[in-house]
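The exercises below concern salt bridges and backbone angles, and each task is followed by a solution in steps. Please look at the structure before reading the solutions.

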Amino acid sequence: MADWKKYGVALILLLVLTANDAFAQRTTDFGAILQAEYENNFVGNYDVWVKEDLRFDHDFSKYSRSKTTLGFDYKFVRYGFKIGAGFDYINKYTEKRVFRNRYRFFVNASYKYTYQNWDFGYRMRFITLYHDERTGYYNYTPEFSWRNKLSVSYQRPYSRYKYTLYGELYSDFNKDKRLELSTLLLAGEVDYRLTRRQHLTLFVRDYRDYYIESDQFRTVFFGLGWKYKH
């Protein structure tokens, strides 16, 4: 219980400060994310997983998108490396009140270093995105992006709680094939192990967008996730 009080209060303080800072900016929106994930150790060091993600924005009042992900990973357990690939199907509700389908393919590589009760991680991911547009530019030319994520986690031995902070840079290739920063993500989460196979996660994500035409600069999402590992 002492573990939960100490680090739970610290994370709650982080969320409060994040929310207060966001309220001070007129260009900030708030939303919610609901997630469900199933992961299976297919064979050996191969893991297969599927995830469903529902997102709401405009101060929690409007459906934004759904995302269904299917992916697999291969772990080099001895060295802390992991490689993987996957596919996202995204159904997005646009400002024109039209539903658009998007198809995203990705490959990634990650590394995790453990020191006592701490885990330090890095993940690099390359993404190709296709839009389902009946007419227009996106029918013919996919979008490419590159993401880099750094994370740190803490969990005491035999504790059901795990605390994580991470940041991620989203970079896109523009029309001139030049790489430019599009989004900065800052996030914190608390993971609680319900059973040997089930986990419940509370999290907050702060997305800060750049190079956009609208006045909106920042979206803060509060989320709840459930995961089953088989």
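**Exercise 1.** Find the salt bridge in which the side chains of D88 and R104 meet, and place both residues in the fold.

*Solution.* The N to O distance of this pair is 3.0 Å, where a salt bridge is a side-chain nitrogen of Lys or Arg within 4 Å of a carboxyl oxygen of Asp or Glu. D88 belongs to strand β4 (residues 81-93) and R104 to strand β5 (residues 99-115), so that the pair links distant parts of the chain, 16 residues apart. Strands (E, at least two residues) are DSSP runs numbered from the N terminus. D88 has a relative accessible area of 3% and is buried, as is R104 at 9%; buried means under 20% relative accessible area, exposed over 50%, and partly exposed in between (1.4 Å probe, protein chains only).

The model is predicted, with local features needing pLDDT of at least 70 and side-chain atom pairs counting only at pLDDT 80 or more, whereas totals for chains, interfaces and linings use all residues. Residues are numbered from 1 along each chain as its sequence is written, and side-chain values use heavy atoms, leaving out hydrogens and water.

**Exercise 2.** Which strands does the salt bridge between K75 and D47 tie together?

*Solution.* The closest N and O atoms of K75 and D47 are 3.1 Å apart. Because K75 lies in strand β3 and D47 in strand β2, the pair ties together parts that are 28 residues apart in sequence. K75 is partly exposed at 28% relative accessibility, while D47 is buried at 6%.

Key:
Helices (H or I, at least four residues) and strands (E, at least two) are DSSP runs, numbered from the N terminus.
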